[in-house]
Amino acid sequence: MKTNGVIFLIAFLLAFGGGYLYFSQAGKDQKQQTTQQNTSTEVDKGEVEKEEATSVPAEAEVMSNNSCLSCHAVSSMGVEGGTTGPDLSNAFKDIEGKHGKDLDSFLQEPTSAVMSGVIAGSPLSDEDRAEIVKFLEKASEQ
Ligand code: HEC
């Protein structure tokens, strides 16, 4: 996992640095071209923001605020998210069989590798945890 993280970081830096060099060069060469690029970048950004706004319902905001959605989707509630972790639509029901404890205890002290790291790095407040449990209970009833 650590090695993957390092490789990802390096790839990200390369992509970002390369993009920066490319665009700053293009800016020097042709002013007009840069203006067009800027316009299209703004349009892209607008679209992304709109997508985010529509794909996360208010009750799932607690999950996006705690970065859960960077790794998890909750498809039964129409919540899109990352695919690193499993879809959490049935987590409320399945958690006991899979991890030997209920969801509330799991989110305090996860027994699985990745989640232990996630929660150790940024523990959930009691309030947020309660909201997430409530939301995932609802998701499992859909
Ligand atoms: C870095 C990616 C990542 C983040 C961020 C993350 N998770 Fe996970 N989660 C995983 C992975 C991977 C698993 C599978 C078990 C494991 O390896 O820990 C998992 C498992 C789970 C499970 C058990 C479900 C099952 O079927 O095994 C629950 C519940 C869960 N996560 C909830 C959350 C919540 C709530 C948050 C936000 C506070 C969160 N996760 C943030 C990656 C992540």
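Me: Donors are N, O and S atoms within 2.8 Å of the metal (3.2 Å for Na, K and Ca), with water not among the atoms. Which residues coordinate the iron atom of the ligand?

Reply: This is a predicted model, in which local features need pLDDT of at least 70 and side-chain atom pairs count only at pLDDT 80 or more, while totals for chains, interfaces and linings use all residues. Residues are numbered from 1 along each chain as its sequence is written, and side-chain values use heavy atoms, leaving out hydrogens and water. At 1.9 to 2.2 Å from the iron atom, the coordinating atoms are NE2 of H72 and SD of M115, so the residues are H72 and M115.

Me: How many residues apart are H72 and M115?

Reply: H72 lies in the loop between α3 (61-65) and α4, whereas M115 belongs to helix α6, where a helix is a DSSP run of H or I with at least four residues. The pair therefore links distant parts of the chain, and its separation is 43 residues.

Me: What is the geometry of the site of the iron atom?

Reply: The iron atom has 6 donor atoms, with angles of 85 to 178° among them. Six donors count as octahedral if opposite donors are over 155 degrees apart and all others between 65 and 115, and the site is octahedral.

Me: Which residue has a polar side-chain atom 2.4 Å from an oxygen atom of the ligand?

Reply: Polar contacts here are pairs of N or O atoms within 3.5 Å. Backbone atoms of V114, at 3.1 Å, and M115, at 3.0 Å, each approach a ligand oxygen atom. The side-chain contact at 2.4 Å belongs to S112.

Technical notes
A polar contact is a pair of N or O atoms within 3.5 Å; within protein, one must be able to donate a hydrogen and the other to accept it, and residues adjacent in sequence count only if both atoms are side-chain atoms. Four donors count as tetrahedral if all angles lie between 85 and 135 degrees; four count as square planar and six as octahedral if opposite donors are over 155 degrees apart and all others between 65 and 115; anything else is irregular. Helices (H or I, at least four residues) and strands (E, at least two) are DSSP runs, numbered from the N terminus.
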